[in-house]
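Here's a walk through one chain, with the salt bridges up front and the backbone oddities towards the end. Have a look at the model first.

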Amino acid sequence: MKKLKFYLIGLIPGLVLVFFILNKKGASCTGYLPNSRVIAESLSKDFKYTDGAKAEMATLKISEKFLKDSILTEGKIDFDRSHAQKKPCPDYLLTYPEENPVYEITFEKCEETLNLNTLKKLK
């Protein structure tokens with residue numbers, strides 16, 4: 001029991017100290033989840049659009065900036081309907097927003113580029 005007390009006396013202040021140091025540096029653990037990693041990798045690539053995707057973007061009046069800053073950044077990837085292990089370019093299905101999705105996007109994440117294949121409005 002004495003060892004447990006000494007362990008907790010060191011552990012609790014240590015956790016608090018680490019929490020404040022990491023919080024001050026702006027570190028977070030959100031980038032480690034699969035959804036966040038795929039989106040972060042996708043945003044770092046050059047975008048290419050199919051003719052159908054370009055036409056749908058024009059019809060829905062969606063700009064490239066809105067697509068990148070809102071739809072891709074805040075969207076949720078449906079891994080059940082995606083092919084993440086496909087070689088050489090895995091394809092993903094993304095819905096935006098997470099709750100009550102309005103848009104559905106399919107894209108391929110290749111080595112150098114991101115190919116936006118389709119953009120659909122669901123509602």
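Let's start with Glu104, which counts as buried because its relative accessibility is just 7%, under the 20% cut-off. Keep in mind that this is a predicted model.

So what does Glu104 pair up with? One partner is Arg81: the two form a salt bridge, with the closest N and O atoms 3.2 Å apart. This pair ties together distant parts of the chain, as Arg81 sits in the loop between strand 2 (76–77) and strand 3, while Glu104 is in strand 4, 23 residues apart. Another partner is Lys120, whose side chain meets that of Glu104 in a salt bridge at 3.3 Å, N to O. Here too distant parts of the chain are linked, with Lys120 in strand 5 and Glu104 in strand 4, 16 residues apart.

Arg81 has a further salt bridge, to Asp78, where the closest N and O atoms are 3.7 Å apart. Put together, Asp78, Arg81, Glu104 and Lys120 are linked in a network of salt bridges. Around the buried Glu104, the other members have more varied surroundings: Arg81 is partly exposed at 46% relative accessibility, Lys120 is partly exposed at 44%, and Asp78 is partly exposed at 22%. How many salt bridges are there in the whole model? The count comes to seven.

Here are the bridges of the network side by side.

| Salt bridge | Closest N to O |
|---|---|
| Arg81 and Glu104 | 3.2 Å |
| Lys120 and Glu104 | 3.3 Å |
| Arg81 and Asp78 | 3.7 Å |

Now for the nonpolar inside. The largest nonpolar core has 20 residues, and those with the most contacts inside it are Leu67, Ile71, Ile77, Leu94, Ile105, Phe107 and Leu116. Which elements give two or more residues to this core? They are helix 2 (34–43), strand 1 (46–49), helix 3 (51–60), helix 4 (64–74), strand 3 (91–96), strand 4 (103–109) and strand 5.

Ile77 is a handy residue to click on if you want to see how this core is wired. Setting aside neighbours within four places in sequence, Ile77 is in contact with Asn35, Val38, Ile39, Ser82, Tyr92, Leu93, Leu94 and Phe107. Among these, Leu94 and Phe107 are also on the list of residues with the most contacts inside the core.

Over in strand 5 (residues 113–121) you'll find Thr113. Thr113 is buried, as its relative accessible area of 15% is under 20%. Leaving out residues up to four places away in sequence, Thr113 touches Lys45, Asp46, Lys48 and Glu108.

The surface has a nonpolar feature as well. Met1, Leu4, Tyr7, Leu8, Leu11, Ile12, Leu15, Val16, Phe19 and Phe20 form a nonpolar patch there, with about 1,100 Å² of accessible area together. One of them, Leu8, belongs to helix 1 (residues 2–25). Is Leu8 buried, exposed or partly exposed? It's partly exposed, because 36% relative accessibility lies between the 20% and 50% cut-offs.

Next, a loop residue. Ser44 lies in the loop between helix 2 and strand 1 and is exposed, with a relative accessible area of 59%. A polar atom of the Ser44 side chain lies 2.7 Å from the backbone oxygen of Glu41. Ser44 and Leu60 are 16 residues apart along the chain, and their C-alpha atoms are separated by 25 Å.

Finally, the backbone geometry. Most residues other than glycine have a negative phi, and most peptide bonds are trans. Where does this chain depart from that? The peptide bond from Lys87 to Pro88 is cis, with omega near -5°, and Pro88 is in the loop between strand 2 and strand 3. A cis peptide bond also joins Tyr96 and Pro97, with omega about -15°; Pro97 falls in the loop between strand 3 and strand 4.

Asn100 is found in the loop between strand 3 and strand 4 too. Although not a glycine, Asn100 has a positive phi of about 50°, and it is exposed at 56% relative accessible area. Lys61 has a positive phi as well, near 55°. Its place is in the loop between helix 3 and helix 4, and Lys61 is exposed, with a relative accessible area of 74%.

Notes: Residues are numbered from 1 along each chain as its sequence is written. This is a predicted model: local features need pLDDT of at least 70, side-chain atom pairs count only at pLDDT 80 or more; totals for chains, interfaces and linings use all residues. Side-chain values use heavy atoms; hydrogens and water are left out. Patches are made of residues with over 30% relative accessible area and no salt bridge: like charges are joined within 9 Å, nonpolar side chains (Val, Leu, Ile, Met, Phe, Trp, Tyr) within 5 Å. Accessible areas come from the Shrake-Rupley method with a 1.4 Å probe; for residues, only the protein chains shown count as cover. A salt bridge is a side-chain nitrogen of Lys or Arg within 4 Å of a carboxyl oxygen of Asp or Glu. Helices (H or I, at least four residues) and strands (E, at least two) are DSSP runs, numbered from the N terminus. Buried means under 20% relative accessible area, exposed over 50%, partly exposed in between (1.4 Å probe, protein chains only). Contact means heavy atoms within 4.5 Å. A nonpolar core is a set of buried Ala, Val, Leu, Ile, Met, Phe, Trp, Tyr and Cys residues joined through side-chain atoms within 4.5 Å. A polar contact is a pair of N or O atoms within 3.5 Å; within protein, one must be able to donate a hydrogen and the other to accept it, and residues adjacent in sequence count only if both atoms are side-chain atoms.
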